[in-house]
Amino acid sequence: MSADRRLAAFAAATDRLTAAVGRAVTWCLVGMVLVQVSVVLMRYVLGVGSIWLSEAIVYAHATLFMAAAAWTLQRGGHVRVDIFYANASPRTRAIVDLAGALLLLLPFCAALAWFALPYAARSWAILERSREASGLPLVFLLKTLIPLFAALLALQGLAQAARAWLVLARACAASGSGP
């Protein structure tokens, strides 16, 4: 298998993983809405509050955004300056995508993972729980989302860089020069 095919296969496999994770965590939104409605009804109809349910909403919200960030990147939903990008040629878009992934996204993910891994590990070491007496005993799982976010986003960034490299390689092969 050629290097180009391996890069394309890696990007496709990463896209499938990212999409599967993204679709799975969208169910957090349904759960979040149902729990929020329950909390509001309990509070204003029954006069009862629940720290446990309120924290569950925060956990679902964090899970949704952190686990679906890579899917958003894959789908082109992250912020960029579309004034220049929208009308650019495929080669120019590939250069922007490759540079953005290598110079901005991947260093950010590496720095985030560097700081988040010990942070999450300390939380796991003590099985950190909520500061509230009746809160969720799962803070260590919530903090694990941070390095997971960095890993998924970096993986999708590598797939984006691979696809951009392939576009540039094809453009250079068509013109007779190297990438």
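Student: Is Tyr119 buried, partly exposed or exposed?
Tutor: This is a predicted model, so the value comes from predicted coordinates. Tyr119 is found in helix H4. Buried means under 20% relative accessible area, and exposed means over 50%. Tyr119 has 35% relative accessibility, so the residue counts as partly exposed.

Student: Which residues does Tyr119 touch, not counting those up to four places away in sequence?
Tutor: Start with a distance. Tyr119 and Pro147 are 28 residues apart in sequence, yet their C-alpha atoms are 9.2 Å apart in space. With residues up to four places away left out, Tyr119 touches Lys143 and Ile146.

Student: What is the salt-bridge partner of Lys143?
Tutor: Lys143 lies in helix H5. The N to O distance in the bridge is 2.7 Å. The partner is in the loop between H4 and H5, so the pair ties together parts that are 15 residues apart in sequence. That partner is Glu128.

Student: Which is buried and which is partly exposed, Glu128 or Lys143?
Tutor: The cut-off for buried is under 20% relative accessible area. Glu128 has 21%, so Glu128 is partly exposed. Lys143 has 14%, so the buried one is Lys143.

Student: Which residue in the loop between H4 and H5 has a positive phi although it is not a glycine?
Tutor: The loop runs between helix H4 (90–125) and helix H5 (139–175). The phi angle in question is about 45°. The residue is Leu127.

Student: How many salt bridges does the structure hold?
Tutor: One of them joins Glu128 and Lys143. Another joins Arg163 and Asp15, with the closest N and O atoms 2.9 Å apart. Arg163 lies in helix H5 and Asp15 in helix H1, so this pair ties together parts that are 148 residues apart in sequence. The number of salt bridges is 2.

Student: Is Asp15 buried or exposed?
Tutor: Asp15 is found in helix H1. Leaving aside neighbours within four places in sequence, Asp15 is in contact with Gln74, Gln156, Ala159 and Arg163. Its salt-bridge partner Arg163 is partly exposed, at 30% relative accessibility. Asp15 has a relative accessible area of 17%, so Asp15 is buried.

Student: What covers the buried residues of H1?
Tutor: The buried residues of H1 include Ala11, Thr14, Asp15, Thr18, Ala19 and Gly22. Residues three or four places apart in an α-helix point the same way, because the helix has 3.6 residues a turn. The cover over the buried residues of H1 includes H2 and H5.

Student: How far does H1 reach from its first C-alpha to its last?
Tutor: H1 has 44 residues. At 1.5 Å a residue, the expected span is 64 Å. The value for H1 is close to that, at 63 Å.

Student: Which residue just after H1 takes a positive phi?
Tutor: H1 covers residues 3–46, and a loop follows before helix H2 (51–74). The phi angle is about 70°. The residue is Gly47.

Student: What is the area of the nonpolar surface patch that includes Leu46 and Val48?
Tutor: Leu46 sits in helix H1 and is exposed, at 62% relative accessibility. Val48 lies in the loop between H1 and H2 and is partly exposed, at 42%. Leu29, Val33, Val37, Leu41 and Val45 also help make the patch. Its area is about 640 Å².

Student: How far apart in space are Leu46 and Phe140?
Tutor: In sequence they are 94 residues apart. The distance in space is taken from C-alpha to C-alpha. It comes to 32 Å.

Student: What radius of gyration does the protein chain have?
Tutor: The chain has 5 helices and 0 strands. Its C-alpha atoms fill a box of roughly 75 × 35 × 30 Å along the principal axes. A compact globule of 179 residues would have a radius of gyration near 16 Å. The protein chain has 21 Å.

Student: What share of the exposed area do carbon and sulfur atoms supply?
Tutor: Buried residues make up 34% of the 179 residues in the chain. The chain exposes about 11000 Å². Carbon and sulfur atoms supply 71%.

Note on methods. Residues numbered from 1 in each chain as written. Predicted model: local features only at pLDDT ≥ 70, side-chain atom pairs only at ≥ 80, totals over all residues. Heavy atoms only, no water. Helix = DSSP H or I, 4+ residues; strand = E, 2+ residues; numbered from the N terminus. Patch = residues over 30% accessible without salt bridge, like charges linked within 9 Å, V, L, I, M, F, W, Y side chains within 5 Å. Areas by Shrake-Rupley, 256 points an atom, 1.4 Å probe, with all protein chains shown as cover. Salt bridge = Lys/Arg side-chain N within 4 Å of Asp/Glu carboxyl O. Buried < 20%, exposed > 50% of the residue type's maximum accessible area, 1.4 Å probe, protein only. Contact = heavy atoms within 4.5 Å. Rg over C-alpha atoms; globule rule 2.2 N^0.38 Å. Expected span 1.5 Å × (residues − 1).
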